[in-house]
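Let's take a walk through this structure, starting at one exposed spot and working back to the core. Have the sequence and the model open side by side as you read.

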Amino acid sequence: MIMGGSGEKPQLIINGKRTDGRVPDELRPIKLEVGTLKNAEGSAYLEWGNNKVLAAVYGPKEAQPKHIADPNRAIIKCRYQMAPFSSLEEHSRSGPNRRAIEISKVTKEVFENVILLDNFPGSEIDIFIEVLQSDGGTRAAGITAAAAAVASSGIPMKDIPYAVSAGKAGDLILLDLNKIEDNYSDADMPVAIAPRNNEVLLLQMDGSMSKEQFDSALQMIKKAGETITKIQRDALEARYR
Amino acid sequence: MKIVLPGDKISDTPVRMENAIVENGKTYATVIGMMDESRGAFIPLESVWYPREGDFIVGIIENSKNNVYTVSMDSPFRGLILPPPRPRFGGRGGRDERFGRHEERREIMHMGDIVSAFVKEVKREADQIILILDRPRRLTGGKLIEVRPSKVPRIIGKESTMLRQLETGTKCTILVGLNGIVWLNGEDVPLAQKAIAKIQEEAHVGGLTERISELLENKGR
């Protein structure tokens with residue numbers, strides 16, 4: 001099956017149901033496991049619908065190379081990458097590409113706002129996000145998994161962020177877009193939020209939305225966040241039961 | 001006891017404690033831990049070692065330059081062992097020689113040597129935090145293993161009970177650095193390693209002392 005490209009636009013909503021049978025404000029099933037990798041300080045494995053994401057956290061350690069170290073705080077290095085076999089098309093070239101560099105950057109900025117960097121001047125914290133299988137919304141899945149990984153590592157942080165996307169098909173607001181919806185929807189908006197104060201840490205958007213549509217999308221995301229936060233909490237607590 | 005995650009409120013009043021931050025007059029946890037409400041204590045389950053004066057560490061000599069040994073210890077902080085201060089008996093040709101030389105040390109160390117020491121001073125240098133180390137001791141033989149810094153108090157135990165139990169049970173000398181490096185030397189190092197791995201895994205479960213003594217009695221079988 002070839003998806004994407006400039007083919008004819010498929011119908012995203014049939015009888016009020018989406019292509020995978022969900023209702024508009026329904027999340028895909030999420031499964032999270034913490035402490036998957038023994039060598040990492042913190043790690044997590046997330047299955048979010050058909051997305052499969054592995055996140056690992058190392059550090060804090062001495063920043064290398066030396067000239068990138070910040071004398072006042074720790075720096076975060078983040079690498080988001082899709083495995084060459086993760087997708088049905090494209091992404092088949094390994095190594096960082098334009099998209100991966102962008103997602104690494106925005107993910108890094110999410111964590112710069114929650115990790116207490118001032119405690120470790122001159123050091124670095126590494127966050128790795130490896131997408132093993134992708135089906136739309138992998139940056140949100142990556143941030144959600146990495147947040148659980150950081151929390152399990154003992155690196156001090158203010159909050160455990162989550163991320164999820166919302167979008168628009170016609171006039172209908174959809175939560176948690178999959179690959180087909182991502183490609184053919186009229187808008188796509190991934191958002192990362194620190195749930196304690198509902199601080200928005202990441203907000204990107206493709207396409208266009210009216211102010212009302214934006215508000216209701218954000219509302220939907222915050223409501224879904226309660227579910228995602230609970231999954232993260234359960235996974236972290238399960239390790240110590 | 002309740003499990004607390006980063007961002008959870010642990011007190012409605014501002015309390016200054018480790019692994020917590022105060023925001024808007026309330027205290028929030030920054031790491032995963034357990035809250036002992038009866039004592040008002042927050043015990044981290046995972047944490048990163050942050051050096052304090054008097055901490056005991058185990059590290060490896062990384063470099064020796066200008067009479068100063070650099071110690072790497074699996075953390076973002078770098079340890080320095082300065083030469084012993086030289087007693088001043090009047091000037092020598094106007095040069096201010098505050099420090100002695102290598103040869104005046106009791107022990108000469110080389111790159112790769114394992115060393116134990118105490119943190120004498122935590123100093124904030126231009127680009128990172130430097131630890132001035134004191135009372136260095138070169139360790140010969142043995143084996144180094146890494147442990148999670150948050151589990152170190154459990155490995156040592158209340159008034160070193162656990163550590164003593166490990167040492168007698170395995171006939172090993174065990175030095176536990178607060179930085180998360182443990183040096184083992186003696187008769188049954190694999191058993192000690194096994195026991196330490198078990199302590200790390202089950203640090204949060206009660207009755208650990210009994211299970212460890214059982215493990216040591218059965219020689220890990």
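With 7 C-beta neighbours inside 10 Å, N66(B) counts as exposed; the label goes to residues with 12 or fewer other C-beta atoms within 10 Å, while 20 or more makes a residue buried and anything in between partly exposed, with C-beta atoms placed from the backbone. You'll find N66(B) in the loop between strand 7 (56–65) and strand 8 (68–72) of chain B. Helices (H or I, at least four residues) and strands (E, at least two) are DSSP runs here, numbered from the N terminus. Measuring C-alpha to C-alpha, N66(B) and V4(B) are 47 Å apart in space and 62 residues apart in sequence.

A word on ground rules: this is a predicted model, where local features need pLDDT of at least 70 and side-chain atom pairs count only at pLDDT 80 or more, while totals for chains, interfaces and linings use all residues. Residues are numbered from 1 along each chain as its sequence is written, and chains are lettered from A and ligands numbered from 1 in the order in which they are written.

Staying in chain B, have a look at two backbone oddities. Most residues other than glycine have a negative phi, and most peptide bonds are trans. D74(B), in the loop between strand 8 and strand 9 (78–81) of chain B, has a positive phi near 55 degrees. S160(B) sits in the loop between helix 1 (152–156) and helix 2 (161–170) of chain B, and its phi is near 60 degrees, again positive. D74(B) is partly exposed, with 18 other C-beta atoms within 10 Å, and S160(B) counts as partly exposed with 13.

Now cross over to chain A. Across the interface, 23 residues of chain B are in contact with 26 residues of chain A, contact being C-beta atoms, placed from the backbone, within 7 Å. Chain A has four helices and 12 strands, and 48% of its 241 residues count as buried.

Helix 1 (residues 98–112) of chain A is a good way in. Its buried residues are I103(A), S104(A), T107(A), V110(A) and F111(A). They cover an arc of only 120 degrees around the axis, so they lie on the same side of helix 1 of chain A; the arc is that of the directions from the helix axis to the C-beta atoms. That buried set packs against strand 6 (75–82), strand 7 (123–133), helix 2 (138–153), strand 10 and strand 11 (199–203) of chain A. On the other side of the helix, R98(A), I101(A) and K105(A) are exposed.

Strand 8 (residues 162–169) of chain A is mostly covered, with seven of its eight residues buried. Seven bridges tie strand 8 to strand 10 (residues 187–194) of chain A, and the two run antiparallel; strands count as paired if DSSP finds at least two bridges between them. Within that pair, V164(A) stands opposite V191(A). Strand 8 of chain A is also antiparallel to strand 9 (residues 172–175) of chain A, through four bridges, and there A166(A) faces L175(A). The hairpin of strands 8 and 9 of chain A has two residues between the strands, and G170(A) takes a positive phi near 65 degrees in it.

Two cis peptide bonds round off the tour. One joins G59(A) and P60(A), with omega about -5 degrees, and P60(A) lies in strand 5 (residues 51–62) of chain A. The other runs from Q64(A) to P65(A), with omega near -10 degrees; P65(A) is in the loop between strand 5 and strand 6 of chain A.

Methods. Two residues are in contact if their C-beta atoms, placed from the backbone, lie within 7 Å.
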